[in-house]
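User: Please take a close look at one part of this structure and then follow its connections outward into the rest of the chain. I would like a single connected account, with the cut-offs behind each term.

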Amino acid sequence: MNESASENQTITVAIIGNPNTGKSTLFNSLAGVHSRIGNYPGVTVEKKSANVNWDGQSVELIDLPGTYSLAPRSIDEMVSVDVLLGRQKGLPEPDVIVCIADASNLERNLYLFSQVMDLSIPTILVLNMIDVAESRGTTIDVKKLSESLKLPVVTTEAHRKRGLEDVQKSVLELTTGSSRGKLNLFPKEFYQEQQKLLEHLNSSSNSSQTDAKTPEYLADRLLLDVGGYVESLFESHSSNGLGEYLTVARKRLSEAGFPVPVSEARVRYAWAREVLTDSVSQPVKRLVTKSDKIDRWLTHRFFGLFFFVFLMFIVFQAVYTWAGPFMGIIEQGQEFVSGIVSGVVPPGPFRSLIVDGVIAGVGGVIIFLPQIIFLFLFIALMEDCGYMARAAFLMDKLMTKLGLSGKSFVPLMSSFACAIPGVMATRTIENRRDRFTTILVAPLMSCSARLPVYILLIGAFIPQTSYFKGLVTLPGITLFIMSSIGALIAIPTAWFLKKVFFKGETPPFVMELPGYKWPSLRIVFSRVF
């Protein structure tokens with residue numbers, strides 16, 4: 001029995017999954033209003049956690065960053081591994097892991113799940129978006145899959161809050177069970193090398209970093225990830241020739257018929273196919289979904305780019321035009337409050353301080369709030385409906401010419417709202433050189449803080465000329481152009497940084513395109529708020 005659960009102490013539940021599997025949606029649904037957002041100590045990786053009470057049991061939920069693998073390539077990706085191994089400062093080792101998978105794409109999602117199972121921690125497999133899988137003709141025998149994996153399997157529709165009770169029940173039941181063993185998918189020669197490596201690490205002169213506390217999983221990563229982050233981390237704290245030892249060990253594995261790193265993917269995907277053979281059936285011919293039909297147009301090399309520019313034009317027109325009435329209401333409210341104060345407070349320095357200082361000062365800032373809200377609203381809608389990923393795909397060719405990848409587009413687009421979340425969003429860029437270049441270029445985007453200045457200049461110098469019966473206005477066109485200047489300057493700046501300070505090959509662009517869906521009003525409102 002789990003000790004923490006038996007004493008009715010708080011149990012820790014880590015939630016992990018691939019991007020675009022509904023992981024954060026499930027976390028928000030389970031956490032309700034109890035979620036807290038911060039950063040892990042020492043890294044700028046967002047941490048979302050929540051303390052909830054399920055049937056009298058205190059539970060701490062931890063939402064880990066979305067990842068395709070537990071083979072870390074950077075310090076940001078290492079955070080998830082450290083949390084799961086209990087190595088993250090201030091967090092205990094999880095009592096239960098909830099691994100979320102896209103029910104319509106199980107084979108790919110089970111790659112990460114198989115790595116999670118190697119941690120020997122009680123685990124639940126949550127098949128989210130089961131409705132999407134069924135609509136595509138995929139049928140899943142959940143009971144048979146659970147028997148094959150020898151652990152609980154639960155189906156959910158997180159966006160509709162269906163299946164949450166089953167997740168809670170499975171978590172509480174697992175806390176009374178015992179830890180399970182590893183999958184042991186690899187040949188015996190691999191595990192022999194693993195034990196030899198652990199002995200080698202324990203004999204290091206700097207035992208405080210690589211003593212017997214080194215988890216077996218990290219030894220796995222050292223052997224499997226050639227040039228990975230774990231290898232660089234251990235080499236920086238080791239003085240016993242770890243690099244040379246790993247080279248020899250990998251050579252022995254290759255001679256034994258298990259070459260790394262290619263063997264891991266082959267073995268794990270073969271295991272996934274075997275597990276799914278009897279429990280999952282799919283149509284012989286892949287169905288053409290609505291998202292596929294839409295993408296034929298929106299990701300087209302010509303029409304897709306035209307639609308993207310047109311959409312951005314509409315956004316900036318709306319920011320200027322739609323916000324006008326709300327700005328007028330705020331201005332009238334400011335005048336109304338000033339009139340009340342002027343009628344109560346006698347003339348003098350104190351009234352001047354309140355009316356001309358406080359009310360006029362605060363009103364001068366609040367009056368631009370509607371425009372900022374509309375800009376955040378459009379960004380949230382594009383993210384939640386799935387279009388933002390298509391925009392990144394379309395912009396990849398342009399980004400490649402700058403030495404960046406399409407993944408840099410999302411942080412740069414976010415910087416139009418505010419450079420701070422734009423810089424934070426660069427953590428999704430695995431390549432360090434691209435990440436730093438994007439961080440340095442992001443502040444050049446015309447963020448919402450510059451909107452008041454633009455609008456002040458436009459109001460002073462640009463006439464209120466309208467076209468197409470008022471649908472298009474000259475001030476809106478000017479705002480679009482002024483907001484685009486930052487992006488135009490960013491292009492040569494990024495090229496210069498990549499050529500001079502951050503030299504290196506442009507990494508391949510890999511990004512999953514989620515299916516289109518109607519945006520969730522709750523999620524959009526939360527992001528705008």
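**The end of helix 17 and its surroundings**

Analyst: C385 is buried, with a relative accessible area of 19%, where buried means under 20%, exposed means over 50% and partly exposed lies in between, for a 1.4 Å probe and protein chains only. The model is predicted, so local features need pLDDT of at least 70 and side-chain atom pairs count only at pLDDT 80 or more, whereas totals for chains, interfaces and linings use all residues. Residues are numbered from 1 along each chain as its sequence is written, and side-chain values use heavy atoms, with hydrogens and water left out.

C385 belongs to helix 17; helices (H or I, at least four residues) and strands (E, at least two) are DSSP runs numbered from the N terminus. Leaving aside neighbours within four places in sequence, C385 is in contact (heavy atoms within 4.5 Å) with G515, Y516, K517 and P519. One of these, Y516, is 131 residues away from C385 in sequence, yet their C-alpha atoms are 5.5 Å apart.

Helix 17 itself has 17 residues and reaches 24 Å from its first C-alpha to its last, close to the 24 Å expected at 1.5 Å a residue, the expected span being 1.5 Å times one less than the number of residues. Its buried residues are P370, Q371, F374, L375, F378, I379, A380, M382, D384 and C385. An α-helix has 3.6 residues a turn, so residues three or four places apart point the same way. The residue that follows helix 17 is G386, whose phi is positive, near 105°.

Aromatic rings offer a way outward from this helix. A search of the whole structure finds 10 aromatic pairs; rings of Phe, Tyr and Trp (its six-membered ring) pair if their centres lie within 6.5 Å, with planes under 30 degrees apart counted as stacked, over 60 as edge-to-face and the rest as tilted. F186 and F258 form one such pair, tilted, at 5.2 Å centre to centre and with 55° between the planes. F186 lies in the loop between helix 7 (164-174) and helix 8 (188-202), and F258 in the loop between helix 11 (242-255) and helix 12 (262-277), so this pair ties together parts that are 72 residues apart in sequence. F186 is buried, with a relative accessible area of 7%, and F258 is also buried, at 2%. The rings of F326 and F374 have their centres 6.0 Å apart and their planes at 55°, so this pair is tilted. With F326 in helix 15 (residues 323-344) and F374 in helix 17 (residues 369-385), the pair ties together parts that are 48 residues apart in sequence. F326 is partly exposed, with a relative accessible area of 45%, whereas F374 is buried at 14%.

Ring pairs also link F186, F190, Y191 and F258 into a cluster. In the loop between helix 11 and helix 12 lies P261, and the peptide bond from V260 to P261 is cis, with omega near 10°. The loop between helix 7 and helix 8 holds N184, a residue other than glycine whose phi is positive, near 55°; N184 is partly exposed, at 46% relative accessibility.

The nonpolar cores come next. In soluble globular proteins, nonpolar side chains tend to be buried together. The largest nonpolar core has 60 residues, and those with the most contacts inside it are L125 and L145; a core is a set of buried Ala, Val, Leu, Ile, Met, Phe, Trp, Tyr and Cys residues joined through side-chain atoms within 4.5 Å. Not counting residues up to four places away in sequence, L125 touches ten residues named here in full: C99, A101, L110, F113, L145, L149, L151, P152, V153 and V154. A second, separate core has 30 residues, including M388, A392, F480 and L497.

Two of the residues that L125 touches, L110 and F113, are among the buried residues of helix 4. For helix 4 (residues 106-117), 10 of the 12 residues are buried, so this helix is largely enclosed by the rest of the structure. At 1.5 Å a residue, its 12 residues should span 16 Å, and its end C-alpha atoms are 15 Å apart, which agrees.
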